[in-house]
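The following exercises concern strand order, helix packing and cysteine pairing. Each task is followed by a solution in steps.

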Amino acid sequence: MPIESFWESKDLIPVSQKKVSIPAEFGLNYSAGQKVQITVPPSIDFFQPKETYLKFDVELSGAASGTRRLFLDAETGGQVLIRDLRIYSGGAGRILLEEYQNYNVLAALKYDYETNDNYKKKRALTEGCQIYDPSCRSTHGGKMSQANNCRHNAYFTNDGVSLTADTTTHDDDQRDKVKCLLPLNTGIFQSDRVYPNMLTEGVIIEIILEDNVNVFRQLDTTLQFRNSVQNPVFQSVTGTGDAAAGKIAALETGTNGSFTSFYLRRDNQQGAGGVVGNCPFVVGQNVVLSDIDDADKIVAAGGGSTQVAITRIDYDTTTNPDMIKVTVNASMFSKTGADVDINTCVLSQDPRTTGYAPTYTISDTELIVQQVQMPDGFKARMMSMLKEGGTLNYDFLSATNYKYSQLAGDTVANIRLPVNQSRAKAVFMIPTDATAYGKEQAMNGSGTYFIEYAGNEDGPETNIEIMSTRSGLVGIVDSLNNYQILYDGKLNPTRPVPVSKIADRVSIEQQPLIELEKALAMGGIHPLSFAKFRENFCIGRALTLQDGVVDLRGKDFSLQVQYDAPLAGFPAKNKLWHNWVSHLRRIVVKGDAISLEI
C-alpha cells in the first residue's frame, strides 16, 4: 500500500462558503399540527449539512384562567415541536430520502444521553432548552432539575427578579417570543460530508408540528407531583419565625380562623437577595398548600372544592427573619382540622385546575443553509464523469421507526419488527407511555407515570414520588423484569437481560446499561451521560462494532419482554414502542437517475 509523502502534490479544490436564508413556503406562521415545508433549490449546488439550521421564533399563549409560567420541554426545547420529519429529493422524482415518525422521541433520547454541561449551556442559548439555575436551588436535597429556572428563563419576562412586591397579573400573552436555532438531527443534516444538492435537484423538507398537549412544561418547583421538597415551604400565617408556633392548628381552623395570607420559609432560596424573584409562582396562579407525605391532607379553600389564586407576593421585612408573604383571593384553612407540620407543608400549583388550554405559534420560519461554492471546473468535470457512465454514491447514517402497541395487561410480549435494512448498525427500543392525558394532567404529572422516589434531608424513609411530565416523549421501564432479542435465528444475548432493579425504582442493573451504551455509540449518539437512565428508559442493542454493518433483509427480528406485577399504587401503563433501527443509507446518482439504497 503506497505511503503518502510530504512532497506529494494533492488535488485540493479552492472553495468558499456563505450562509443562505430560505423561508418556509405557504406562510411564515404555523401552529400545532400544521405542516412546514422548506425547499432548498438546486441553484444551491452544494451545502454543508451539519452547519445548516432551522430557525424560528416560538410564542406560547393560553387561556386567561389558571395563569402560570410555561415553557417548552426543558431537555429538548424547540426540538419537541417537531413530530414528524421527511426529506425528499427535488424535481419530478420526489424520492423519499429520509422519514422520521415521532422525530422528537429520538431527539429526546439523544438529548438525554448525549449531554454534559457544555451541551446543556449551548442548547439553552440556541435551542430553547432549560438549564439548572443554582440561584433557584433546593436546600432540601433532591436531583438537580433543568426545569427549576425561574429567574433567567427565556420563556417569561422574569418579573419580580428585582421587586420586593409583585401585584401584577401575568397572563400567557405577556410572555416573550423565544428564538430557536435548531440543528436537524437526521442522517443527511448530521453528515460531515458536503451534500451534492444540484444532483438531487434540490431537497424538500416537510415538518409536521407536535400537538399542544405534548410540548408544555411547568417549573418543577411549583408541582405537587414532582420533587415537592424543592417547592416553597409554608412557615406560618402570622409571620412568626418560631417553628413551634408556625403550625396550621387551632388558630387557623377555629371560628373565623381562616386566613387569606401566609408566609414562606426561607428554605429553597425563598427570599434570597431581598426580592420576590426566587418565588416560582406568579400573581393569578391557582395554588394549594399540600402535605409532602400525604397529598390528600391539603390546606385548601372551601373544604377542597374551591380554588384560590394569588393576588399579591411581597417581601416582608417586618418579620424575623424576613420572609415572602403570599396573599390569595379566598379563605384557606386546614381541610381536616388537624395540625399540619411546617416541615411538610409546601405550596404548589392547584392540580384541580381545568380548562387551561395553552397553545404555541412559530413565526419567521426559515432554513439557514451553509452553501459551499465549488469552482466551475470541478462541477463541469463531475457532470462530465456522470454523463460518461460514472456513479456518485452518498452514504449517511439514518434511522427508521417501527411502532408497536402493547396493552398494560400484557405481561409477556413478543414484538416482531419487519426490518429490511441492508446495512444496520444498532436498534433503540423505547417504550413510551401511550395513556391519553389531558393538557392539565400532562403538565402537572397528576396520575401519570411514576419515575422514581426522591428523598430529602430526613432520609430515604420519606418516599416522595416523582411523576412524569414528559409522557409520550420518553421511555418508561414500568414493571419490566427482563428482555431478550431474537435475530438471525439466535437469541442475543444468550440469556435474558435482567431489568427488575431498575423497575423497582430504588437500584440499578449493570447489563442493560452496558448494552445501551454500545447501541448508542453504534447508532451515532455519543453516550456521555446516563443520569436519565430511568427517566428515559431505552433497550439498546448494538448489531455490530466499529465500522461494521449487518444485513437484516429476510431475517426475523423480535424483542421478547416479560413484566412483573406493577408496584403497589402505581398501575401499569399502555405502551407505544418506538423501535428505531439505525442504519446506513446510500443516495445513488447515475446519469439523470436518482435512487436510494436502504
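A disulfide is counted here where two cysteine sulfur atoms lie within 2.5 Å. The model under study is predicted.

**Exercise 1.** Determine how many disulfides the structure holds, and examine cysteine 150 and cysteine 279.

*Solution.*
Step 1. The count of disulfides is 0.
Step 2. For cysteine 150, the nearest cysteine sulfur belongs to cysteine 136 and is 3.6 Å away, and cysteine 150 is in no disulfide.
Step 3. For cysteine 279, the closest cysteine sulfur is that of cysteine 150, at 7.6 Å, which is too far for a bond.
Step 4. Is cysteine 150 buried or exposed? The relative accessible area of cysteine 150 is 2%, so this residue is buried. Cysteine 279 is likewise buried, with a relative accessible area of 2%.

**Exercise 2.** Describe the open sheet that contains E7 and E8, and locate the helix that packs on it.

*Solution.*
Step 1. The sheet has 4 strands in the order E3-E12-E7-E8, and their pairing is antiparallel.
Step 2. Strand E3 (35–40) and strand E8 (96–100) each have a single partner strand; they therefore stand at the edges, and one side of each is left without a neighbour in the sheet.
Step 3. On average, neighbouring strands of this sheet are turned by 10° against each other, direction ignored.
Step 4. Helix H1 (residues 103–113) packs on the sheet and touches E7 and E8, its direction making about 105° with that of E7.
Step 5. Strand E7 (residues 82–89) runs antiparallel to E8 and is joined to it by 4 bridges. Across this pair, leucine 85 stands opposite tyrosine 100, and arginine 86 stands opposite glutamate 99.
Step 6. E7 and E8 form a hairpin with 6 residues between them, and glycine 91 in the turn has a positive phi of about 75°.

**Exercise 3.** Carry out the corresponding analysis for the open sheet that contains E27 and E28.

*Solution.*
Step 1. This open sheet is formed by 4 strands with antiparallel pairing, in the order E23-E30-E27-E28.
Step 2. The edges are taken by strand E23 (412–417) and strand E28 (490–498); each has a single partner strand, so one side of each lacks a neighbour in the sheet.
Step 3. From one strand to the next, the twist averages 15°.
Step 4. Strand E27 (residues 480–487) pairs with strand E30 (residues 557–563) in the antiparallel sense over 7 bridges. Within this pair, leucine 480 stands opposite tyrosine 563 in E30.
Step 5. Helix H7 (residues 511–522) packs on the sheet, where it touches E27 and E28; the direction of H7 makes about 130° with that of E28.

Key: Residues are numbered from 1 along each chain as its sequence is written. This is a predicted model: local features need pLDDT of at least 70, side-chain atom pairs count only at pLDDT 80 or more; totals for chains, interfaces and linings use all residues. Side-chain values use heavy atoms; hydrogens and water are left out. Two strands pair if DSSP finds at least two bridges between them. Helices (H or I, at least four residues) and strands (E, at least two) are DSSP runs, numbered from the N terminus. Axes are lines fitted to C-alpha atoms, for helices over the stretch in contact, and angles run from 0 to 180 degrees between N-to-C directions. Contact means heavy atoms within 4.5 Å. Buried means under 20% relative accessible area, exposed over 50%, partly exposed in between (1.4 Å probe, protein chains only).
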